[in-house]
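Visitor: Please take me through a single part of this model in close detail. I would like to see how the strands and helices there fit together.

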Amino acid sequence: MMGDRGWMYHRLDDNGCYTDEFKIGVESFLDYAFSQSNPEFCCRHRIKCPCSKCMNQEWHRRVTVQCHLTKWGFMNGYIVWLAHGEQPLRRRRRHQLGESSSAPPFVMEDQCNDPIRGMVMDANLHGMEYNMNEQASDEPIFEEAMGDAKEFFDLLQAADTPLYDGCDDGDTVLKWVSHFLNAKTLYNMSVANWDYMLKCTRRWMKPEDRDRIPKDFYSAKKMMRRFSLGYKKYDVCVNNCFLYYGEYENKNYIACPICGEPRYKQGHVQQNQHIPRKTLWYLPITPRLKRLYMCRKTAEHMIWHLNCGGVSEKIMHPAGAEAWKHFDRTYPDFASDPRNVRLGLCTDGFTPFGHTSAPYSCWPVFVTVYNLPPAMCMKPESIFLSLIIQGPQSPGKNIDVMLRPLIDELKELWYNGVKTYDSFRHEHFIMRAALMWTITDFPGYGMVSGWSTHGRLSCPYCQENSKAFHLPNGRKISFF
């Protein structure tokens, strides 16, 4: 099916009319997409619409998809129709990533539009699907999820209880509780208000169905806590010069070995626990990267970067840039498995309480996954909050002290990797990760990299070859 796809991005001719090759190409695409028997790609006479507005996020019928493609054209970089049953052009590990993406025939009523239901369906099928071995092309090899993946899927199955007898398929306790808790966050409900609404809901349900949902906010949080990814808190010196991490995490260290400042607040004890003067919040990224592969929807797109270049001369994704290709040539072992994760790090300071209050600078650190297509990697759910560096002062040049837990985790992912379950291909693999870029403003660049962004050598590229000079009177550096 794969051929010249240049027609996808030559929709109009010089007169502003639709080209004949585009019309024919759209029909051939629709015929191919709707010919798929796998409900992962064609479900209830609907497919994912690849137009520049929907970007494979919405399911529509043939007429609607044809109208969208004619009006808005295809999304950028969609040369290989991965979301419509087509295999990648390049398979660096064919025996793992090629035929293994086939799936058995099963019917999912609401997976098209319900991600929660989709994850539960993945849990129900995590031990039933197979991948194809390179030697035995006809015999399926079953590989069941193990470890934390199996534990997560078992939790999903346990929570996949119908909300009440006779409810619509997909209306489960897990879905109801997650939406109810989300409403509390969105509309800033108090716990008392939330408990009262829950009490009214339980009163209107049948007596035999009332015990299926939590009794109060505490019970709901206890139920959903099992699906959380966790976080860690580390004590920090009040001057940002030392992190009580590793061997220094022991509570016996009560003073900073660098500046001698006390670790805990003097005279403040809460529940027989000393209160630290400053705390660093760390959210590990490894569980969240593994969770991307536990969901079929995201696991499918984690190798999208293989064929994102296409026929366009514009760089629509970092994978089409020379830096990405140079990295692949420099580290062929890492690039041999396209499921290995490419990351970007972003940080900047902000004042959470407004400029009219007391000065306070908070520095969050975000990690972005660049394996995903542009429409997904820039979504909030694909940008992971990894560190929260509290104020009131900016960490300045000591930000590397705060980044140490993240750096240690990235080194572990780079050198050793972690065993991960791919729910789309239903097999385990060793997932590695590499930090490709850091994204900051120029002062932030000086903090993260350690390069001085002041003076004549402030430009990290020009260095001593810049045309900077001192102003004759003010003695300040100018680059004009």
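Guide: Start with one pair: Cys346 has Ile439, in strand 15, as its bridge partner. This is a predicted model, where local features need pLDDT of at least 70 and side-chain atom pairs count only at pLDDT 80 or more, while totals for chains, interfaces and linings use all residues. Residues are numbered from 1 along each chain as its sequence is written, and side-chain values use heavy atoms, without hydrogens and water.

Strand 10 (residues 341–347) and strand 15 run parallel, joined by six bridges. Strands here are DSSP E runs of at least two residues; helices are H or I runs of at least four; both are numbered from the N terminus. Two strands pair if DSSP finds at least two bridges between them.

Now the whole sheet. It is open, with six strands in the order 6-9-12-11-10-15 and mixed pairing. Strand 6 (232–235) and strand 15 (433–439) are the edges, each pairing on one side only. The twist averages 25° from one strand to the next. Angles run from 0 to 180 degrees between N-to-C directions, with axes fitted to C-alpha atoms, for helices over the stretch in contact.

Next, a helix. Helix 9 (residues 286–294) lies across strand 10, strand 11 (363–369), strand 12 (383–389) and strand 15, at about 165° to strand 12. Helix 11 (residues 322–330) packs on the sheet too, touching strand 10 and strand 15. Its direction makes about 150° with that of strand 15.

Finally, Leu289. Beyond neighbours within four places in sequence, Leu289 is in contact (heavy atoms within 4.5 Å) with residues including Val341, Leu343, Val369 and Phe384.
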